[in-house]
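Q: Please take a close look at one part of this structure, the second largest pocket, and describe its lining. A short account of the aromatic rings would also be welcome.

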Amino acid sequence: MTGRRQSNLGYFNRAAAAVHPGRTAIVDLSRSPAAEITHGELDARMDRVAAALAGRGLAPGDRVLLAMANRFEFVEAFFGAMRAGLVPVPLNIRLGADTIRFVVGDSACKAAVISPGAHPGIEAIAEEAGLAPRLSVAPAPAGWEDYEAVLAQADPGAFEPPPIAPRQVAFLPYTSGSTGRPKGVLLAHDGMLWAIGSSQRHWPASADDRALIAGPLYHKNAMRVSVKPKLHVGASVAILPRFEPRLFLRALSEHRCTEAGGVPAMYRMMLAERDLLDSLDFSALKMLEMGSAVVGAELIAAVENAFGASVIEAYGLTEGGGPLREAVDGRPAPRGSCGLAAPEVGIKLMSERGEEPEEGELWVRSPAVLVGYNNRPDLDAERIRDGWLRTGDLFRRDAEGFFYFQGRTDDQFSCGGENINPKEVELLLVQHPDVIDAVVAPVPHALKDLAPAALVTLRSGRQADEAALKAFALERGPAYAHPRHIFAVDELPVGGTGKIDRKAVRDRLLALIADGRRQ
(Lines give C-alpha, C1' and ligand atoms only; values in the text may rest on other atoms or scores of the structure.)
Protein backbone atom coordinates (compact mmCIF):
# COMPACT_ATOMS: atom_id res chain seq x y z
CA MET A 1 0.00 0.00 0.00
CA THR A 2 1.06 3.60 -0.51
CA GLY A 3 1.94 5.77 2.47
CA ARG A 4 -1.42 7.48 2.46
CA ARG A 5 -3.23 4.18 2.63
CA GLN A 6 -0.93 2.75 5.30
CA SER A 7 -1.78 5.61 7.67
CA ASN A 8 -5.55 5.47 6.97
CA LEU A 9 -7.67 3.17 9.15
CA GLY A 10 -10.12 2.73 6.28
CA TYR A 11 -7.56 0.55 4.47
CA PHE A 12 -6.92 -1.78 7.44
CA ASN A 13 -8.16 -4.72 5.32
CA ARG A 14 -6.52 -3.85 1.96
CA ALA A 15 -3.54 -6.20 2.31
CA ALA A 16 -5.75 -9.15 3.35
CA ALA A 17 -8.09 -8.52 0.42
CA ALA A 18 -5.14 -8.70 -1.97
CA VAL A 19 -4.03 -12.04 -0.53
CA HIS A 20 -7.50 -13.57 0.03
CA PRO A 21 -9.80 -11.91 -2.52
CA GLY A 22 -12.10 -14.92 -2.90
CA ARG A 23 -12.48 -15.81 0.78
CA THR A 24 -15.67 -14.88 2.60
CA ALA A 25 -15.31 -11.72 4.68
CA ILE A 26 -18.87 -11.20 5.95
CA VAL A 27 -21.88 -13.47 6.33
CA ASP A 28 -24.87 -11.16 6.74
CA LEU A 29 -27.65 -12.99 8.58
CA SER A 30 -29.97 -9.99 8.65
CA ARG A 31 -31.61 -11.19 5.42
CA SER A 32 -32.86 -14.46 4.00
CA PRO A 33 -31.07 -16.06 2.34
CA ALA A 34 -27.95 -14.81 4.09
CA ALA A 35 -25.71 -12.54 2.03
CA GLU A 36 -22.03 -13.42 1.71
CA ILE A 37 -19.43 -10.92 0.57
CA THR A 38 -15.80 -11.76 -0.17
CA HIS A 39 -12.75 -9.79 0.87
CA GLY A 40 -12.16 -8.67 -2.70
CA GLU A 41 -15.76 -7.48 -3.09
CA LEU A 42 -15.75 -5.71 0.26
CA ASP A 43 -12.51 -3.87 -0.51
CA ALA A 44 -13.83 -2.74 -3.90
CA ARG A 45 -17.10 -1.55 -2.38
CA MET A 46 -15.23 0.43 0.28
CA ASP A 47 -13.38 2.19 -2.56
CA ARG A 48 -16.70 2.99 -4.20
CA VAL A 49 -18.10 4.42 -0.96
CA ALA A 50 -15.05 6.69 -0.66
CA ALA A 51 -15.26 7.83 -4.28
CA ALA A 52 -19.01 8.41 -4.10
CA LEU A 53 -18.90 10.54 -0.95
CA ALA A 54 -15.87 12.55 -2.06
CA GLY A 55 -17.50 13.03 -5.46
CA ARG A 56 -20.51 14.64 -3.79
CA GLY A 57 -18.50 17.50 -2.38
CA LEU A 58 -17.57 16.15 1.05
CA ALA A 59 -14.07 17.13 2.18
CA PRO A 60 -11.63 15.38 4.54
CA GLY A 61 -12.68 15.99 8.13
CA ASP A 62 -16.39 16.29 7.34
CA ARG A 63 -18.62 14.18 9.60
CA VAL A 64 -21.03 11.60 8.14
CA LEU A 65 -23.93 10.22 10.17
CA LEU A 66 -24.08 6.43 9.90
CA ALA A 67 -27.48 5.18 11.08
CA MET A 68 -27.82 1.52 10.18
CA ALA A 69 -29.03 -1.73 11.63
CA ASN A 70 -26.63 -4.72 11.71
CA ARG A 71 -25.86 -5.47 8.06
CA PHE A 72 -22.76 -5.69 5.87
CA GLU A 73 -23.33 -2.22 4.37
CA PHE A 74 -22.58 -0.75 7.80
CA VAL A 75 -19.03 -2.12 7.69
CA GLU A 76 -18.25 -0.93 4.17
CA ALA A 77 -19.78 2.52 4.70
CA PHE A 78 -17.94 2.95 8.01
CA PHE A 79 -14.48 2.21 6.62
CA GLY A 80 -15.20 3.51 3.11
CA ALA A 81 -15.94 6.95 4.53
CA MET A 82 -12.60 6.89 6.35
CA ARG A 83 -10.80 6.12 3.10
CA ALA A 84 -11.97 9.55 1.90
CA GLY A 85 -10.70 11.16 5.10
CA LEU A 86 -14.27 11.62 6.31
CA VAL A 87 -15.28 11.00 9.92
CA PRO A 88 -18.18 8.55 10.32
CA VAL A 89 -20.43 9.05 13.34
CA PRO A 90 -21.85 5.57 14.11
CA LEU A 91 -25.24 6.27 15.66
CA ASN A 92 -26.78 4.39 18.55
CA ILE A 93 -30.12 3.80 16.82
CA ARG A 94 -31.86 3.07 20.12
CA LEU A 95 -31.54 6.66 21.27
CA GLY A 96 -34.57 8.93 21.41
CA ALA A 97 -35.18 11.49 18.67
CA ASP A 98 -34.12 14.49 20.79
CA THR A 99 -30.84 12.80 21.75
CA ILE A 100 -30.15 11.94 18.10
CA ARG A 101 -30.75 15.59 17.19
CA PHE A 102 -28.17 16.50 19.82
CA VAL A 103 -25.63 14.03 18.36
CA VAL A 104 -26.19 15.35 14.82
CA GLY A 105 -25.70 18.94 15.98
CA ASP A 106 -22.83 18.31 18.39
CA SER A 107 -20.87 16.33 15.79
CA ALA A 108 -21.64 18.87 13.02
CA CYS A 109 -22.66 16.10 10.63
CA LYS A 110 -22.92 17.15 6.99
CA ALA A 111 -24.18 13.95 5.34
CA ALA A 112 -26.03 10.76 6.21
CA VAL A 113 -26.00 7.09 5.23
CA ILE A 114 -28.91 5.07 6.64
CA SER A 115 -30.94 1.91 6.42
CA PRO A 116 -34.69 2.64 6.50
CA GLY A 117 -36.38 1.51 9.69
CA ALA A 118 -33.15 1.60 11.71
CA HIS A 119 -34.84 4.35 13.72
CA PRO A 120 -38.42 5.56 13.17
CA GLY A 121 -37.46 9.24 12.99
CA ILE A 122 -34.04 9.11 11.34
CA GLU A 123 -35.14 10.29 7.88
CA ALA A 124 -36.97 13.32 9.26
CA ILE A 125 -34.10 14.21 11.62
CA ALA A 126 -31.55 14.09 8.78
CA GLU A 127 -33.77 16.19 6.54
CA GLU A 128 -34.48 18.75 9.29
CA ALA A 129 -30.73 19.10 9.86
CA GLY A 130 -30.16 19.73 6.14
CA LEU A 131 -27.74 16.83 5.78
CA ALA A 132 -26.55 16.27 2.22
CA PRO A 133 -25.84 14.05 0.50
CA ARG A 134 -28.36 11.60 1.95
CA LEU A 135 -27.89 7.96 0.98
CA SER A 136 -30.15 5.06 1.91
CA VAL A 137 -30.11 1.35 1.26
CA ALA A 138 -33.31 0.17 -0.44
CA PRO A 139 -36.03 1.12 -0.23
CA ALA A 140 -34.73 4.69 -0.28
CA PRO A 141 -37.17 7.31 1.09
CA ALA A 142 -38.36 10.06 -1.25
CA GLY A 143 -35.63 12.64 -1.69
CA TRP A 144 -32.84 10.22 -0.78
CA GLU A 145 -30.30 8.65 -3.14
CA ASP A 146 -30.29 4.89 -3.49
CA TYR A 147 -27.12 3.54 -1.89
CA GLU A 148 -26.51 0.73 -4.41
CA ALA A 149 -27.12 3.01 -7.39
CA VAL A 150 -24.67 5.55 -6.01
CA LEU A 151 -21.99 2.89 -5.54
CA ALA A 152 -22.57 1.51 -9.04
CA GLN A 153 -22.01 4.96 -10.56
CA ALA A 154 -18.89 5.76 -8.51
CA ASP A 155 -15.47 5.75 -10.21
CA PRO A 156 -12.91 4.57 -7.67
CA GLY A 157 -10.17 4.81 -10.29
CA ALA A 158 -10.49 8.59 -10.26
CA PHE A 159 -10.21 8.78 -6.48
CA GLU A 160 -7.01 9.34 -4.51
CA PRO A 161 -7.10 9.14 -0.68
CA PRO A 162 -6.07 12.30 1.17
CA PRO A 163 -3.03 12.45 3.48
CA ILE A 164 -3.65 11.52 7.11
CA ALA A 165 -1.85 13.52 9.79
CA PRO A 166 -0.68 12.08 13.13
CA ARG A 167 -3.57 11.88 15.62
CA GLN A 168 -6.07 12.81 12.91
CA VAL A 169 -9.58 11.75 13.89
CA ALA A 170 -10.80 8.60 12.14
CA PHE A 171 -14.29 8.23 13.60
CA LEU A 172 -16.52 9.72 16.28
CA PRO A 173 -18.62 7.33 18.38
CA TYR A 174 -20.86 8.64 21.15
CA THR A 175 -21.17 7.05 24.56
CA SER A 176 -24.53 5.59 25.54
CA GLY A 177 -25.56 8.64 27.52
CA SER A 178 -27.28 6.72 30.33
CA THR A 179 -26.22 9.38 32.85
CA GLY A 180 -26.83 12.42 30.65
CA ARG A 181 -26.27 13.52 27.10
CA PRO A 182 -23.92 11.29 25.09
CA LYS A 183 -20.28 12.28 24.88
CA GLY A 184 -18.45 12.25 21.55
CA VAL A 185 -15.15 10.32 21.62
CA LEU A 186 -12.52 11.40 19.09
CA LEU A 187 -10.47 8.37 18.00
CA ALA A 188 -7.40 8.61 15.78
CA HIS A 189 -6.32 6.68 12.67
CA ASP A 190 -2.83 5.97 14.04
CA GLY A 191 -4.11 4.88 17.44
CA MET A 192 -6.61 2.42 16.00
CA LEU A 193 -4.05 1.02 13.54
CA TRP A 194 -1.61 0.58 16.42
CA ALA A 195 -4.26 -1.36 18.35
CA ILE A 196 -4.92 -3.68 15.39
CA GLY A 197 -1.19 -4.30 14.94
CA SER A 198 -0.57 -4.88 18.64
CA SER A 199 -3.40 -7.37 18.86
CA GLN A 200 -2.12 -9.29 15.85
CA ARG A 201 1.44 -9.34 17.21
CA HIS A 202 0.52 -10.72 20.61
CA TRP A 203 -2.78 -12.60 20.06
CA PRO A 204 -2.71 -13.37 16.33
CA ALA A 205 -5.90 -14.11 14.44
CA SER A 206 -5.91 -16.71 11.67
CA ALA A 207 -7.51 -16.48 8.23
CA ASP A 208 -9.59 -19.53 9.23
CA ASP A 209 -11.24 -17.72 12.15
CA ARG A 210 -14.89 -16.68 12.09
CA ALA A 211 -16.43 -14.47 14.79
CA LEU A 212 -20.17 -14.26 15.44
CA ILE A 213 -21.52 -10.77 16.18
CA ALA A 214 -24.91 -10.22 17.77
CA GLY A 215 -24.23 -6.89 19.49
CA PRO A 216 -24.76 -3.62 17.62
CA LEU A 217 -22.15 -2.68 15.04
CA TYR A 218 -22.37 0.95 16.15
CA HIS A 219 -20.87 -0.12 19.48
CA LYS A 220 -17.07 -0.03 19.37
CA ASN A 221 -16.82 -3.47 21.02
CA ALA A 222 -18.01 -5.24 17.85
CA MET A 223 -15.41 -3.42 15.76
CA ARG A 224 -12.51 -3.75 18.21
CA VAL A 225 -13.04 -7.39 19.17
CA SER A 226 -14.32 -8.91 15.93
CA VAL A 227 -14.50 -6.85 12.74
CA LYS A 228 -11.07 -5.23 12.68
CA PRO A 229 -8.89 -8.15 13.85
CA LYS A 230 -10.68 -10.68 11.63
CA LEU A 231 -10.94 -8.72 8.39
CA HIS A 232 -7.35 -7.49 8.86
CA VAL A 233 -6.02 -11.04 8.33
CA GLY A 234 -8.51 -12.42 5.81
CA ALA A 235 -10.77 -14.09 8.36
CA SER A 236 -14.54 -13.55 8.53
CA VAL A 237 -17.42 -12.39 10.69
CA ALA A 238 -21.04 -13.54 10.75
CA ILE A 239 -23.45 -10.74 11.67
CA LEU A 240 -26.82 -11.31 13.34
CA PRO A 241 -29.45 -8.56 13.31
CA ARG A 242 -29.95 -8.95 17.08
CA PHE A 243 -29.43 -11.38 19.92
CA GLU A 244 -31.97 -14.17 20.37
CA PRO A 245 -30.64 -17.28 22.14
CA ARG A 246 -31.85 -19.94 19.71
CA LEU A 247 -30.89 -17.87 16.67
CA PHE A 248 -27.44 -17.28 18.18
CA LEU A 249 -26.86 -20.96 18.95
CA ARG A 250 -27.87 -22.07 15.47
CA ALA A 251 -25.61 -19.47 13.86
CA LEU A 252 -22.66 -20.56 16.02
CA SER A 253 -23.11 -24.12 14.82
CA GLU A 254 -24.25 -23.74 11.21
CA HIS A 255 -21.62 -21.15 10.27
CA ARG A 256 -18.79 -22.94 12.07
CA CYS A 257 -17.90 -19.91 14.19
CA THR A 258 -14.64 -20.11 16.11
CA GLU A 259 -15.46 -17.36 18.62
CA ALA A 260 -18.18 -15.08 19.91
CA GLY A 261 -18.82 -12.67 22.73
CA GLY A 262 -21.60 -11.42 24.93
CA VAL A 263 -22.74 -10.36 28.36
CA PRO A 264 -23.41 -12.95 31.10
CA ALA A 265 -27.20 -12.71 30.74
CA MET A 266 -26.90 -13.86 27.12
CA TYR A 267 -25.02 -16.97 28.17
CA ARG A 268 -27.48 -17.73 30.95
CA MET A 269 -30.31 -17.60 28.41
CA MET A 270 -28.43 -19.89 26.05
CA LEU A 271 -27.72 -22.40 28.80
CA ALA A 272 -31.50 -22.77 29.21
CA GLU A 273 -31.81 -24.05 25.60
CA ARG A 274 -30.81 -27.60 26.47
CA ASP A 275 -32.27 -29.17 23.34
CA LEU A 276 -30.06 -27.09 21.04
CA LEU A 277 -26.99 -27.37 23.26
CA ASP A 278 -27.34 -31.15 23.15
CA SER A 279 -28.06 -31.44 19.42
CA LEU A 280 -25.91 -28.81 17.68
CA ASP A 281 -22.25 -29.15 16.69
CA PHE A 282 -19.98 -26.54 18.30
CA SER A 283 -16.72 -28.31 17.48
CA ALA A 284 -15.34 -25.32 15.55
CA LEU A 285 -15.69 -23.06 18.59
CA LYS A 286 -12.40 -22.14 20.29
CA MET A 287 -13.18 -19.19 22.56
CA LEU A 288 -16.06 -17.22 24.06
CA GLU A 289 -15.70 -13.73 25.50
CA MET A 290 -17.78 -12.56 28.43
CA GLY A 291 -17.90 -9.11 29.95
CA SER A 292 -19.77 -5.80 30.51
CA ALA A 293 -21.60 -7.19 33.57
CA VAL A 294 -21.23 -9.46 36.59
CA VAL A 295 -19.46 -12.74 35.83
CA GLY A 296 -19.55 -15.64 38.26
CA ALA A 297 -17.20 -18.63 38.39
CA GLU A 298 -20.12 -21.06 38.27
CA LEU A 299 -21.46 -19.46 35.09
CA ILE A 300 -18.06 -19.64 33.39
CA ALA A 301 -17.70 -23.32 34.28
CA ALA A 302 -21.20 -24.07 32.97
CA VAL A 303 -20.52 -22.27 29.68
CA GLU A 304 -17.18 -24.00 29.15
CA ASN A 305 -18.79 -27.36 29.84
CA ALA A 306 -21.75 -26.70 27.50
CA PHE A 307 -19.71 -25.44 24.55
CA GLY A 308 -16.39 -27.19 25.03
CA ALA A 309 -14.56 -23.88 24.58
CA SER A 310 -12.60 -21.62 26.88
CA VAL A 311 -14.16 -18.46 28.30
CA ILE A 312 -12.25 -15.19 28.55
CA GLU A 313 -13.46 -12.43 30.85
CA ALA A 314 -13.05 -9.26 28.80
CA TYR A 315 -12.64 -5.58 29.58
CA GLY A 316 -12.56 -2.64 27.20
CA LEU A 317 -13.79 0.91 26.86
CA THR A 318 -14.60 3.26 24.00
CA GLU A 319 -12.05 5.84 25.11
CA GLY A 320 -9.14 3.47 25.68
CA GLY A 321 -9.55 0.21 23.76
CA GLY A 322 -8.64 -3.09 25.44
CA PRO A 323 -5.85 -2.35 27.94
CA LEU A 324 -6.21 -5.64 29.85
CA ARG A 325 -5.67 -8.88 27.95
CA GLU A 326 -4.77 -12.55 28.30
CA ALA A 327 -1.18 -13.30 29.31
CA VAL A 328 1.09 -13.57 26.27
CA ASP A 329 3.01 -16.39 27.97
CA GLY A 330 -0.12 -18.54 28.06
CA ARG A 331 -0.80 -18.35 31.80
CA PRO A 332 -4.53 -18.70 32.43
CA ALA A 333 -6.18 -15.78 34.19
CA PRO A 334 -7.68 -16.59 37.59
CA ARG A 335 -11.48 -16.67 37.71
CA GLY A 336 -12.84 -13.15 38.05
CA SER A 337 -9.84 -11.52 36.39
CA CYS A 338 -9.87 -9.54 33.14
CA GLY A 339 -6.20 -10.34 32.61
CA LEU A 340 -2.88 -8.52 32.73
CA ALA A 341 -1.79 -5.15 31.41
CA ALA A 342 -1.44 -5.55 27.65
CA PRO A 343 2.06 -5.16 26.18
CA GLU A 344 2.93 -1.57 25.20
CA VAL A 345 0.10 -0.24 27.41
CA GLY A 346 0.66 1.89 30.50
CA ILE A 347 -1.55 0.89 33.45
CA LYS A 348 -1.78 2.22 36.98
CA LEU A 349 -4.30 2.22 39.81
CA MET A 350 -4.87 5.54 41.55
CA SER A 351 -6.56 6.56 44.78
CA GLU A 352 -8.46 9.80 45.32
CA ARG A 353 -5.40 11.09 47.19
CA GLY A 354 -3.10 10.48 44.22
CA GLU A 355 -1.50 7.35 45.67
CA GLU A 356 -0.93 4.12 43.70
CA PRO A 357 -2.51 1.33 45.78
CA GLU A 358 -3.35 -2.23 44.76
CA GLU A 359 -7.01 -1.25 44.46
CA GLY A 360 -8.19 1.98 42.87
CA GLU A 361 -9.29 3.73 39.69
CA LEU A 362 -7.71 2.37 36.51
CA TRP A 363 -5.65 4.87 34.52
CA VAL A 364 -4.55 3.90 31.00
CA ARG A 365 -1.98 5.29 28.56
CA SER A 366 -1.49 4.02 24.99
CA PRO A 367 -1.82 5.22 21.39
CA ALA A 368 -5.41 3.84 21.44
CA VAL A 369 -6.49 6.40 24.04
CA LEU A 370 -8.86 9.01 22.63
CA VAL A 371 -7.61 12.30 21.18
CA GLY A 372 -10.23 14.07 23.29
CA TYR A 373 -13.96 14.54 23.81
CA ASN A 374 -15.85 16.38 21.09
CA ASN A 375 -16.64 19.95 22.19
CA ARG A 376 -15.92 19.05 25.84
CA PRO A 377 -12.70 20.72 27.06
CA ASP A 378 -14.06 20.31 30.60
CA LEU A 379 -14.07 16.53 30.21
CA ASP A 380 -10.63 16.60 28.60
CA ALA A 381 -9.29 18.39 31.68
CA GLU A 382 -11.08 16.02 34.05
CA ARG A 383 -10.38 12.69 32.36
CA ILE A 384 -7.05 13.10 30.49
CA ARG A 385 -3.90 13.85 32.52
CA ASP A 386 -0.52 13.99 30.73
CA GLY A 387 -1.67 11.36 28.26
CA TRP A 388 -3.24 9.16 30.95
CA LEU A 389 -6.96 8.38 30.67
CA ARG A 390 -8.91 8.19 33.92
CA THR A 391 -11.33 5.37 33.13
CA GLY A 392 -13.68 5.76 36.09
CA ASP A 393 -13.45 1.97 36.59
CA LEU A 394 -12.32 0.46 39.88
CA PHE A 395 -9.93 -2.51 39.83
CA ARG A 396 -7.99 -4.68 42.22
CA ARG A 397 -4.55 -6.06 41.26
CA ASP A 398 -3.21 -9.28 42.78
CA ALA A 399 0.38 -10.23 43.51
CA GLU A 400 0.78 -11.78 40.04
CA GLY A 401 -0.38 -8.61 38.27
CA PHE A 402 -3.86 -9.82 37.32
CA PHE A 403 -6.66 -7.24 37.43
CA TYR A 404 -10.17 -7.71 38.83
CA PHE A 405 -13.00 -5.34 37.96
CA GLN A 406 -14.70 -3.97 41.09
CA GLY A 407 -17.22 -1.52 39.61
CA ARG A 408 -17.52 2.12 38.60
CA THR A 409 -16.34 4.99 40.77
CA ASP A 410 -19.72 6.69 40.28
CA ASP A 411 -21.65 3.48 41.16
CA GLN A 412 -20.16 3.19 44.67
CA PHE A 413 -22.26 4.31 47.59
CA SER A 414 -22.11 4.31 51.39
CA CYS A 415 -24.59 2.29 53.47
CA GLY A 416 -24.36 3.37 57.11
CA GLY A 417 -20.68 4.20 56.66
CA GLU A 418 -19.80 1.01 54.74
CA ASN A 419 -18.77 1.43 51.10
CA ILE A 420 -20.63 -0.85 48.69
CA ASN A 421 -19.77 -1.72 45.10
CA PRO A 422 -22.96 -2.91 43.39
CA LYS A 423 -21.02 -5.59 41.52
CA GLU A 424 -20.15 -7.38 44.75
CA VAL A 425 -23.83 -7.78 45.63
CA GLU A 426 -24.77 -8.69 42.07
CA LEU A 427 -22.20 -11.48 42.08
CA LEU A 428 -23.85 -12.92 45.19
CA LEU A 429 -27.34 -12.87 43.68
CA VAL A 430 -26.43 -14.49 40.33
CA GLN A 431 -25.08 -17.51 42.21
CA HIS A 432 -28.65 -18.38 43.24
CA PRO A 433 -29.91 -21.24 41.01
CA ASP A 434 -33.14 -19.39 40.15
CA VAL A 435 -31.47 -16.12 39.09
CA ILE A 436 -30.41 -15.37 35.51
CA ASP A 437 -29.16 -11.83 36.04
CA ALA A 438 -29.15 -9.12 38.71
CA VAL A 439 -28.46 -5.43 39.06
CA VAL A 440 -28.12 -3.45 42.29
CA ALA A 441 -28.60 0.26 42.97
CA PRO A 442 -28.87 2.45 46.08
CA VAL A 443 -32.28 3.54 47.41
CA PRO A 444 -33.15 5.78 50.37
CA HIS A 445 -33.13 4.12 53.81
CA ALA A 446 -34.46 5.59 57.06
CA LEU A 447 -31.43 4.62 59.17
CA LYS A 448 -28.59 4.00 56.69
CA ASP A 449 -29.28 6.97 54.37
CA LEU A 450 -28.79 4.65 51.38
CA ALA A 451 -29.11 0.87 51.11
CA PRO A 452 -28.85 -1.64 48.25
CA ALA A 453 -31.90 -2.84 46.34
CA ALA A 454 -31.98 -5.23 43.39
CA LEU A 455 -33.78 -6.15 40.20
CA VAL A 456 -33.40 -9.77 39.12
CA THR A 457 -34.49 -11.87 36.18
CA LEU A 458 -35.42 -15.48 36.90
CA ARG A 459 -35.18 -18.73 35.00
CA SER A 460 -38.29 -19.87 33.16
CA GLY A 461 -40.93 -21.31 35.47
CA ARG A 462 -39.32 -20.02 38.66
CA GLN A 463 -41.21 -17.79 41.09
CA ALA A 464 -39.78 -14.82 42.97
CA ASP A 465 -39.22 -15.43 46.68
CA GLU A 466 -37.80 -12.18 48.05
CA ALA A 467 -37.20 -13.57 51.54
CA ALA A 468 -35.25 -16.54 50.17
CA LEU A 469 -33.11 -14.32 47.95
CA LYS A 470 -32.36 -11.95 50.85
CA ALA A 471 -31.39 -14.90 53.03
CA PHE A 472 -29.15 -16.23 50.26
CA ALA A 473 -27.31 -12.89 50.08
CA LEU A 474 -27.05 -12.64 53.87
CA GLU A 475 -25.51 -16.12 54.12
CA ARG A 476 -22.80 -15.33 51.57
CA GLY A 477 -21.96 -11.68 52.14
CA PRO A 478 -21.81 -8.97 54.80
CA ALA A 479 -25.14 -8.04 56.37
CA TYR A 480 -24.84 -4.37 55.46
CA ALA A 481 -24.59 -5.27 51.75
CA HIS A 482 -27.68 -7.48 51.43
CA PRO A 483 -30.47 -5.97 49.24
CA ARG A 484 -33.28 -4.53 51.34
CA HIS A 485 -35.66 -4.89 48.39
CA ILE A 486 -35.53 -7.48 45.57
CA PHE A 487 -37.93 -7.39 42.63
CA ALA A 488 -38.20 -9.94 39.82
CA VAL A 489 -38.69 -8.34 36.38
CA ASP A 490 -39.00 -9.68 32.85
CA GLU A 491 -35.87 -7.85 31.70
CA LEU A 492 -33.32 -5.44 33.12
CA PRO A 493 -33.16 -1.83 31.86
CA VAL A 494 -30.38 -1.51 29.30
CA GLY A 495 -29.06 1.24 27.07
CA GLY A 496 -28.51 1.10 23.32
CA THR A 497 -25.22 -0.79 23.63
CA GLY A 498 -26.78 -3.57 25.69
CA LYS A 499 -25.15 -2.43 28.94
CA ILE A 500 -27.17 -1.88 32.09
CA ASP A 501 -28.68 1.61 32.40
CA ARG A 502 -28.15 2.19 36.12
CA LYS A 503 -30.14 5.41 36.24
CA ALA A 504 -33.12 3.59 34.76
CA VAL A 505 -32.57 0.76 37.25
CA ARG A 506 -32.73 3.13 40.21
CA ASP A 507 -35.83 4.86 38.80
CA ARG A 508 -37.51 1.46 38.37
CA LEU A 509 -36.62 0.40 41.91
CA LEU A 510 -37.96 3.63 43.41
CA ALA A 511 -41.22 3.21 41.48
CA LEU A 512 -41.64 -0.41 42.59
CA ILE A 513 -40.91 0.48 46.21
CA ALA A 514 -43.43 3.32 46.07
CA ASP A 515 -46.08 1.03 44.56
CA GLY A 516 -45.50 -1.49 47.35
CA ARG A 517 -45.93 1.15 50.01
CA ARG A 518 -49.23 2.33 48.51
CA GLN A 519 -50.72 -1.16 48.44
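A: The pocket is described before the aromatic rings.

The model is predicted. Its second largest pocket holds about 1100 Å³ of space. In total, 50 residues line this pocket. Those nearest its centre are Trp203, Glu289, Ile312, Arg325 and Glu326. By kind, the lining divides into 25 nonpolar, 11 polar and 14 charged residues.

Both helices and strands contribute to this lining. At least two residues each are supplied by helix H8 (189–202), helix H9 (220–232), strand E13 (287–290), strand E14 (310–313) and strand E15 (324–325). The largest share comes from H8, with 7 residues.

The aromatic rings may be considered next. The structure holds 10 aromatic pairs. One of them joins phenylalanine 395 and phenylalanine 403 in an edge-to-face arrangement, with 6.4 Å from centre to centre and 75° between the planes. Phenylalanine 395 counts as buried because its relative accessible area is 0%, under the cut-off of 20%. Phenylalanine 403 is likewise buried, with a relative accessible area of 3%. Elsewhere, ring pairs link Phe12, Phe74, Phe78, Phe79 and Phe171 into a cluster.

Arginine residues also lie over ring faces. Arginine 396 is placed over the face of tyrosine 404, at 4.1 Å from the ring centre. Arginine 476 is placed over the face of phenylalanine 472, at 3.7 Å from the ring centre.

How values were computed: Residues are numbered from 1 along each chain as its sequence is written. This is a predicted model: local features need pLDDT of at least 70, side-chain atom pairs count only at pLDDT 80 or more; totals for chains, interfaces and linings use all residues. Side-chain values use heavy atoms; hydrogens and water are left out. Rings of Phe, Tyr and Trp (its six-membered ring) pair if their centres lie within 6.5 Å; planes under 30 degrees apart count as stacked, over 60 as edge-to-face and the rest as tilted. Buried means under 20% relative accessible area, exposed over 50%, partly exposed in between (1.4 Å probe, protein chains only). A charge sits over a ring if NZ of Lys or CZ of Arg is within 6 Å of the ring centre and within 35 degrees of the ring normal. On a 1 Å grid over the protein atoms alone, a cavity is a set of points where a 1.4 Å probe fits but cannot get out, and a pocket is an open set with protein on both sides within 12 Å along at least five of seven lines; lining residues have an atom within 4 Å of a point. Grid points are joined across faces, edges and corners, and a volume is the space filled by probe spheres set on the points. Helices (H or I, at least four residues) and strands (E, at least two) are DSSP runs, numbered from the N terminus. Ala, Val, Leu, Ile, Met, Phe, Trp, Tyr, Cys and Pro count as nonpolar, Asp, Glu, Lys and Arg as charged, and the others, Gly among them, as polar.
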